[in-house]
Amino acid sequence: MQWDPPWLAANQQALVAQLLQSHQRAFGRPLISAAQPGSSKQLICQELFACGFPVLAHDGGPEPNLTYANAAALGLWDAPWDDLVGLPSRLTAPIAEQAERSLALNKAKSEDAIEGYSGIRISRQGRRFMIQNARIWTLWDQHQHACGQAASFSNWWWI
């Protein structure tokens with residue numbers, strides 16, 4: 001019996017496709033260069049998971065929960081997949097920063113996407129870090145309904 005990591009599960013393959021398509025729609029450029037037409041879904045999932053910069057997504061519920069975190073995000077938030085995915089996404093930021101985070105998410109929701117966001121985040125172990133120049137975008141399902149949001153950034157440092 002072969003065991004696949006959770007980021008290669010069928011539901012995650014669909015989410016990754018949605019995440020990448022929504023990024024392309026929002027910014028007019030691919031999130032990762034490996035997402036070439038004709039690549040297998042599994043290969044694309046592996047490429048996003050290992051891309052080297054944090055990528056996260058949450059669902060579209062009233063209290064959104066994380067639905068995706070790649071290896072860089074898991075490392076930065078110092079948590080295994082099962083601890084981070086499913087977590088209320090507001091808990092990725094310190095309590096004092098959650099209102100400002102919510103404003104940015106609402107702006108990204110109303111505009112479909114934003115670039116240049118900066119804010120303080122907190123790891124599962126309590127370490128704080130600053131993210132800078134993040135992109136936040138709306139996730140769209142196959143019926144063109146908003147179904148969540150995703151974020152990515154390359155600039156961060158411990159504070």
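In this predicted model, Leu20 has its place in helix 1. Leu20 is buried, because its relative accessible area is 11%, which falls under the 20% limit for that class. Along the chain, Leu20 and Ile32 are twelve residues apart, while in space their C-alpha atoms are 8.0 Å apart. Helix 1 also holds Gln18. With a relative accessible area of 17%, Gln18 is buried. A long stretch of sequence can be bridged in space, and Gln18 offers an example: Gln18 and Thr138 are 120 residues apart in sequence, yet their C-alpha atoms are 10.0 Å apart. Leaving aside residues up to four places away in sequence, Gln18 touches Leu139, Trp140, Asp141 and Cys147.

Next comes the way helix 1 meets its partner, helix 2. Two packed helices are described by the angle between their axes and the distance between the axes. Here, helix 1 covers residues 10-27 and helix 2 covers residues 41-49, and their axes come within 9 Å and cross at roughly 70 degrees. Helix 1 is therefore roughly perpendicular to helix 2, since angles of 65 to 115 degrees count as such. The crossing of helix 1 past helix 2 is left-handed. On the helix 1 side, the residues that meet helix 2 are Gln12, Gln13, Val16, Leu19 and Leu20. Their counterparts in helix 2 are Lys41, Gln42, Ile44, Cys45 and Leu48. Sorted by class, this contact has six nonpolar, three polar and one charged residues. Leu20, the buried residue described above, is thus among the residues in helix 1 that meet helix 2.

Cys45, one of the helix 2 residues in that contact, leads on to the question of sulfur bonds. A disulfide is a covalent bond between the sulfur atoms of two cysteines. How many disulfides does the structure hold? The count is zero, and the distances help to show why for two of the cysteines. For Cys51, the closest cysteine sulfur is in Cys45 at 12 Å, which is too far for a bond. For Cys147, the closest cysteine sulfur is likewise in Cys45, at 15 Å, and this is also too far for a bond. A pair would need its sulfur atoms within 2.5 Å to count as a disulfide. Cys51 counts as partly exposed, at 24% relative accessibility. Cys147 is partly exposed too, at 24% relative accessibility, and Cys147 is one of the residues that Gln18 touches.

Further along the chain, Glu100 is found in helix 5, which spans residues 98-111. Is Glu100 buried or partly exposed? Its relative accessible area is 31%, so Glu100 is partly exposed. The C-alpha atoms of Glu100 and Gly119 are separated by 8.0 Å, although the two residues are 19 residues apart along the chain. When residues up to four places away in sequence are not counted, Glu100 touches Tyr117, Ser118 and Gly119.

Two residues draw attention through their backbone angles. Asp78 is not a glycine, yet has a positive phi of about 55 degrees. Asp78 lies in the loop between helix 3 (71-76) and helix 4 (81-84), and counts as partly exposed at 42% relative accessibility. Asn133, also a residue other than glycine, has a positive phi near 60 degrees. Where is Asn133 found? Asn133 is in strand 4, made of residues 128-140. At 45% relative accessibility, Asn133 counts as partly exposed.

Conventions: Residues are numbered from 1 along each chain as its sequence is written. This is a predicted model: local features need pLDDT of at least 70, side-chain atom pairs count only at pLDDT 80 or more; totals for chains, interfaces and linings use all residues. Side-chain values use heavy atoms; hydrogens and water are left out. Buried means under 20% relative accessible area, exposed over 50%, partly exposed in between (1.4 Å probe, protein chains only). Axes are lines fitted to C-alpha atoms, for helices over the stretch in contact, and angles run from 0 to 180 degrees between N-to-C directions. Helices (H or I, at least four residues) and strands (E, at least two) are DSSP runs, numbered from the N terminus. Angles under 35 degrees count as roughly parallel, over 145 as roughly antiparallel, 65 to 115 as roughly perpendicular and the rest as oblique. A crossing is left-handed if the near helix is turned anticlockwise from the far one by less than a right angle, and right-handed if clockwise. Contact means heavy atoms within 4.5 Å. Ala, Val, Leu, Ile, Met, Phe, Trp, Tyr, Cys and Pro count as nonpolar, Asp, Glu, Lys and Arg as charged, and the others, Gly among them, as polar.
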